[in-house]
Amino acid sequence: MVSKVHAAHILVKRQDDAKKIKEQVDAGQNFGELAKKFSTCPSKKKGGDLGWFERGQMVKPFEDACFNGKTGDVSLVRTEFGWHVIKVLEQK
């Protein structure tokens, strides 16, 4: 069972923007560069990298996507902060 996740994300206000960014990621564009360009989260300075976290440290929908996915997965999730394009970088 996964106990820790290392993930990156791109936070935007609109679902349409999140879908377009995910399409670019799926087409092979660099996630970190897209985060620096589009994300509204301060983590954009680090290419969206949130580092390692355990269960209970992120809002539930975000956490569920990270802990239920696999390394390399890119998903779209809506939270009270907006729309997230999430990439699972590593799991332990």
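The following paragraphs describe a four-stranded sheet and the helices that pack on it. The model is predicted, so that local features need pLDDT of at least 70 and side-chain atom pairs count only at pLDDT 80 or more, while totals for chains, interfaces and linings use all residues. Residues are numbered from 1 along each chain as its sequence is written, and side-chain values use heavy atoms, with hydrogens and water left out.

The sheet is open, and its four strands follow the order β2-β1-β4-β3 with antiparallel pairing. Strands (E, at least two residues) and helices (H or I, at least four) are DSSP runs numbered from the N terminus, and two strands pair if DSSP finds at least two bridges between them. Because β2 (49-54) and β3 (74-79) are the edge strands, each with a single partner, one side of each has no neighbour in the sheet. On average, neighbouring strands are turned by 40° against each other, direction ignored.

Strand β4 (residues 82-91) is joined to β3 by six bridges. These two strands form a hairpin with two residues between them. Threonine 79 stands opposite glycine 82 of β4, and valine 77 is opposite histidine 84. Eight bridges join β4 to β1, again in antiparallel fashion; here histidine 6 has glutamate 90 as its bridge partner.

Two helices accompany the sheet. Helix α2 (residues 31-38) packs on the sheet and touches β1 (4-12) and β4, contact meaning heavy atoms within 4.5 Å. The direction of α2 makes about 45° with that of β1; angles run from 0 to 180 degrees between N-to-C directions, with axes fitted to C-alpha atoms, for helices over the stretch in contact. Helix α3 (residues 60-68) lies across β1, β2, β3 and β4, at about 30° to β4.
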